[in-house]
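Trainee: I should like to learn how to read the features of a model such as this one. May we go through them in turn?

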Amino acid sequence: IEPIQIAIDGPAGAGKSTVAKEVARRLGFLYIDTGAMYRAVTWLALERGLSLHDEEVLTALAQEASIQLLRKGDSLAVLVDTIDVTDAIRSPQISSNVSQVAAVAGVRMVLVEQQRAMAKSQNVVMDGRDIGSYVLPFAQVKIFLTASIEERAHRRYLEFMNKGIPVEEERLRQEIRRRDEQDASRDVAPLVRTADAFLIDTTGLGIEEVIQKILDLLPNRG
Ligand code: C5P
């Protein structure tokens, strides 16, 4: 039987990973955080002091890097060539550079191939920007998750506060806005809401409500 694919796309900070992770957990599906893969390549490029303008170098880097997403209890560990970068890839420095790396066609080709391979033989919940539109165009369930820019920035702010990392909310708002613009305007597989994606505006909604909406969309399995 065909594996089931649930594609969740949307702008930064809409709650995709929180919701996708929990939907996957309840269904016993594999959760694939594709943003973490672009972040991992960005981390490695900066670590090696490479120019983020050199598309060939970045593509070669994506090809040779071994990026692993490992389930670690309720969370997901991200390894790059066996180095645990789970926390490092969430830094403001990575967030402000990742869209540039993700705009490189060659980098996307390498990572998309890995993403499709993972979804080929097992049920998955995959989140990102181009999952329903490009990576898994035949996904049985496609969701476009969004929320107001204020709410998205505020959620990010609370996340950082909870980790004890001081940040300015206004800066987060600017960073998110800039990243969304970059992701939506790039030439290759931009952030887009496809006609067959179910729109969920999570502004003012709790996590559980969003999860239920998604579970309700699943075709009956029996
Ligand atoms: O989801 P997250 O915010 O961690 O993604 C980080 C960045 O990775 C996005 O801003 C985008 O530039 C890139 N990305 C992408 N395609 C995906 C997932 C993420 O271009 N499928």
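**Ligand, sheet and rings**

Mentor: A polar side-chain atom of aspartate 183 lies 2.6 Å from an oxygen atom of the ligand. The protein buries 97% of the 450 Å² that the ligand exposes when taken alone. Please bear in mind that this is a predicted model.

Trainee: Which side chain has an N or O atom 2.8 Å from an oxygen atom of the ligand?

Mentor: That side chain belongs to arginine 179. A nitrogen atom of the ligand, in turn, has a polar side-chain atom of aspartate 130 at 2.8 Å.

Trainee: How many residues surround the ligand, and which helix gives the most to the shell?

Mentor: The ligand is surrounded by 16 residues, and Arg39, Arg108, Asp130, Asp183 and Arg186 are the closest. Helix 2 gives the most, with four residues. At least two residues of the shell come from each of helix 2 (34-47), helix 4 (92-102) and helix 8 (169-185). By class, eight residues of the shell are charged, four are polar and four are nonpolar.

Trainee: How should a sheet be read?

Mentor: Strands of a sheet pair through backbone hydrogen bonds, in either a parallel or an antiparallel sense. Here, three strands form an open sheet in the order 3-4-5, with antiparallel pairing. Strand 3 (67-72) and strand 5 (83-84) are the edge strands, each pairing on one side only. Six bridges join strand 3 to strand 4 (residues 75-80), and arginine 71 stands opposite leucine 76 in strand 4.

Trainee: How many aromatic pairs does the structure hold?

Mentor: Aromatic rings in a pair are described by the distance of their centres and the angle of their planes. The structure holds zero such pairs. Arginine 116, however, lies over the face of tyrosine 134, 4.9 Å from the ring centre.

Key. Residues are numbered from 1 along each chain as its sequence is written. This is a predicted model: local features need pLDDT of at least 70, side-chain atom pairs count only at pLDDT 80 or more; totals for chains, interfaces and linings use all residues. Side-chain values use heavy atoms; hydrogens and water are left out. Rings of Phe, Tyr and Trp (its six-membered ring) pair if their centres lie within 6.5 Å; planes under 30 degrees apart count as stacked, over 60 as edge-to-face and the rest as tilted. A charge sits over a ring if NZ of Lys or CZ of Arg is within 6 Å of the ring centre and within 35 degrees of the ring normal. Two strands pair if DSSP finds at least two bridges between them. A residue is near a molecule or strand if one of its heavy atoms lies within 4 Å of it. A polar contact is a pair of N or O atoms within 3.5 Å; within protein, one must be able to donate a hydrogen and the other to accept it, and residues adjacent in sequence count only if both atoms are side-chain atoms. Accessible areas come from the Shrake-Rupley method with a 1.4 Å probe; for residues, only the protein chains shown count as cover. Ala, Val, Leu, Ile, Met, Phe, Trp, Tyr, Cys and Pro count as nonpolar, Asp, Glu, Lys and Arg as charged, and the others, Gly among them, as polar.
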